[in-house]
Number of protein chains: 2
Amino acid sequence: MTTASTGAPLWLTDEEQCVWRAYLHATTLLEDHLDRQLQADAGMPHIYYGLLVQLSQAPRRQMRMTELAKDAKITRSRLSHAVARLEKNGWVRREDCPSDKRGQNAVLTDEGYEMLRRSAPGHVKAVRQAMFDRLTPEQVRSLGEIMKILAAGLQPEGADADLPWLR
Amino acid sequence: MTTASTGAPLWLTDEEQCVWRAYLHATTLLEDHLDRQLQADAGMPHIYYGLLVQLSQAPRRQMRMTELAKDAKITRSRLSHAVARLEKNGWVRREDCPSDKRGQNAVLTDEGYEMLRRSAPGHVKAVRQAMFDRLTPEQVRSLGEIMKILAAGLQPEGADADLPWLR
DNA sequence: GACCTTTTCTTGAAAGTTGAACTAGATAGA
DNA sequence: TCTATCTAGTTCAACTTTCAAGAAAAGGTC
């Protein structure tokens, strides 16, 4: 069965349905797993941890809010709330941006860095156990290729600059 | 650098880091995309839609709460809230389970089925455009294989019965 | 400069999620 | 039977996310 105009099939094939289900199951299970792991070991959800990692890798361990939101693929609103929470924990602080009075820099504090240093090994281990230990090198390569294609297709237009693997 | 005891590397390799980043980006972008698509076209988040789909495929379009939660990979608590909301929309209703007085059956209503029938084509199209149209048949096959491995590794012990692809 | 548009970031309320505590019914063993 | 334990499902409070609205500064254009 296809649409009259485009000829694109209306439904997924049996194989596609099966792949889609497996994709949904694997991704939700993995995200839940890492959320629980980090909640237990670092006291925050996975996405918050990811923000700290981003900051830790930025020059001077700081980033403009919008840039951080873009890199983490979340809305500015969500980031505002998240940074407020991380600020309460003492892991991040805000600083006014000198060159743009509207701007704010999120800065990873020493406590934040210390926390990251302590919890990183456990997190890496969890990721490794859940993903890389279970796949062959060929599968890892293939997974990377596929995920880059999917991400590129979903990226807002003109956002190539945010796809480091294309640089 | 490896742990003394197991010899497992503490950090991800460059390639693994790159694959991991791509995985996180692709999965969050895709989930956001489908959430917005379904919120706009069906008035509910992706996971709620998935619950209705599950029900629609079950015998008599109904399922025990726990079974539904297991299949959808969510907690019973989350499902309770979700069904309460879907009930308000008139898409699901609860019925006492005749054989177990503790139990409840979530039943897809005719309105719910109708809603699903209307919004399914748009959703399938979104999934197709985001994933299957962008991958070669070989990549689809490979993705399915990889996701099944990951899901199997994260499944709670003894839950093989919930992996339909292993039957 | 005055005006309009855009960008940056925050806020508040509504919706959704989590984990723990709880009720009620099933199950199994003495 | 009596009792302890387990299972099904809900509820509450704390937390997170979303969307719409808004304040403040920047950038253009006349």
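In the predicted model, the surface near DNA strand C is made up of 4 nonpolar, 8 polar and 10 charged residues. The 22 residues that surround this strand have as their closest members Arg36(A), Thr66(A), Ser80(A), Arg94(A) and Arg78(B). Of the atoms of DNA strand C that come within 4 Å of the protein, 63% belong to sugar and phosphate. Both protein chains take part in this surface: H3 and H4 of chain A, together with helix H2 (46-57) and H4 of chain B, each supply at least two residues.

Three side chains illustrate the polar contacts made with the backbone of DNA strand C. An N or O atom in the side chain of Arg94(A) is 2.3 Å from a phosphate oxygen of the strand. For Arg64(A), the corresponding distance from a side-chain N or O atom to a phosphate oxygen is 2.9 Å. Chain B contributes Tyr48(B), in which a side-chain N or O atom is 3.2 Å from a phosphate oxygen of DNA strand C.

DNA strand D is likewise surrounded by 22 residues, the closest being Arg78(A), Thr66(B), Ser80(B), Arg94(B) and Arg102(B). The surface near DNA strand D divides into 4 nonpolar, 8 polar and 10 charged residues. Sugar or phosphate accounts for 68% of the atoms of DNA strand D within 4 Å of the protein, and bases account for the rest. At least two residues of this surface come from each of H2 and H4 of chain A and from each of helix H3 (65-72) and helix H4 (76-88) of chain B.

Polar contacts to DNA strand D involve phosphate as well as base atoms. A polar side-chain atom of Thr66(B) is placed 2.3 Å from a phosphate oxygen of DNA strand D, and a polar side-chain atom of Arg78(A) is placed 2.6 Å from a phosphate oxygen of that strand. Ser77(B), by contrast, has a polar side-chain atom 3.2 Å from a base oxygen of DNA strand D.

Chain A contains 6 helices and 3 strands, arranged along the sequence in the pattern α-α-β-α-α-β-β-α-α. Of its 167 residues, 46% are buried. Among the contacts in chain A with a separation of 6 or more, 47% are between residues 24 or more positions apart. The accessible surface of chain A amounts to about 9000 Å², and carbon and sulfur atoms hold 51% of this area.

Helix H3 of chain A (residues 65-72) has Met65(A), Leu68(A), Ala69(A), Asp71(A) and Ala72(A) as its buried residues. Viewed down the axis of H3(A), these residues fall within an arc of 165 degrees and therefore line one face of the helix. An α-helix has 3.6 residues a turn, so residues three or four places apart point the same way. Within chain A, the buried residues of H3(A) pack against helix H2 (46-57), strand S1 (62-64), helix H4 (76-88), strand S2 (92-96) and strand S3 (104-108), and they also pack against helix H1 (14-42) of chain B. H3(A) is followed by Lys73(A), which has a positive phi, near 60 degrees.

Gln37(A) lies in helix H1 (residues 14-42) of chain A. Its relative accessible area is 11%, below the 20% limit for burial, and Gln37(A) is therefore classed as buried. Leaving aside residues up to four places away in sequence, Gln37(A) touches Gly122(A), His123(A) and Ala126(A).

In chain B, Leu108(B) belongs to strand S3 (residues 104-108) and counts as buried at 5% relative accessibility. With residues up to four places away in sequence excluded, Leu108(B) touches Leu52(B), Leu55(B), Ser56(B), Arg61(B), Trp91(B), Tyr113(B) and Leu116(B). One of these contact partners, Trp91(B), is 17 residues from Leu108(B) in sequence, with a C-alpha to C-alpha distance of 6.1 Å.

Arg61(B), another residue touched by Leu108(B), is found in the loop between H2 and S1 of chain B. Its phi is near 50 degrees, a positive value in a residue other than glycine, and at 30% relative accessibility Arg61(B) counts as partly exposed. The loop between H2 and strand S1 (62-64) of chain B also holds Arg60(B). Although Arg60(B) is not a glycine, its phi is positive, at about 60 degrees. Arg60(B) counts as exposed, with a relative accessibility of 68%.

Notes. Residues numbered from 1 in each chain as written. Chains lettered and ligands numbered in written order. Predicted model: local features only at pLDDT ≥ 70, side-chain atom pairs only at ≥ 80, totals over all residues. Heavy atoms only, no water. Buried < 20%, exposed > 50% of the residue type's maximum accessible area, 1.4 Å probe, protein only. Helix = DSSP H or I, 4+ residues; strand = E, 2+ residues; numbered from the N terminus. Arc of directions from axis to C-beta. Contact = heavy atoms within 4.5 Å. Near = heavy atom within 4 Å. Polar contact = N/O pair within 3.5 Å; in protein donor to acceptor, adjacent residues only side chain to side chain. Nonpolar A, V, L, I, M, F, W, Y, C, P; charged D, E, K, R; others polar. Areas by Shrake-Rupley, 256 points an atom, 1.4 Å probe, with all protein chains shown as cover.
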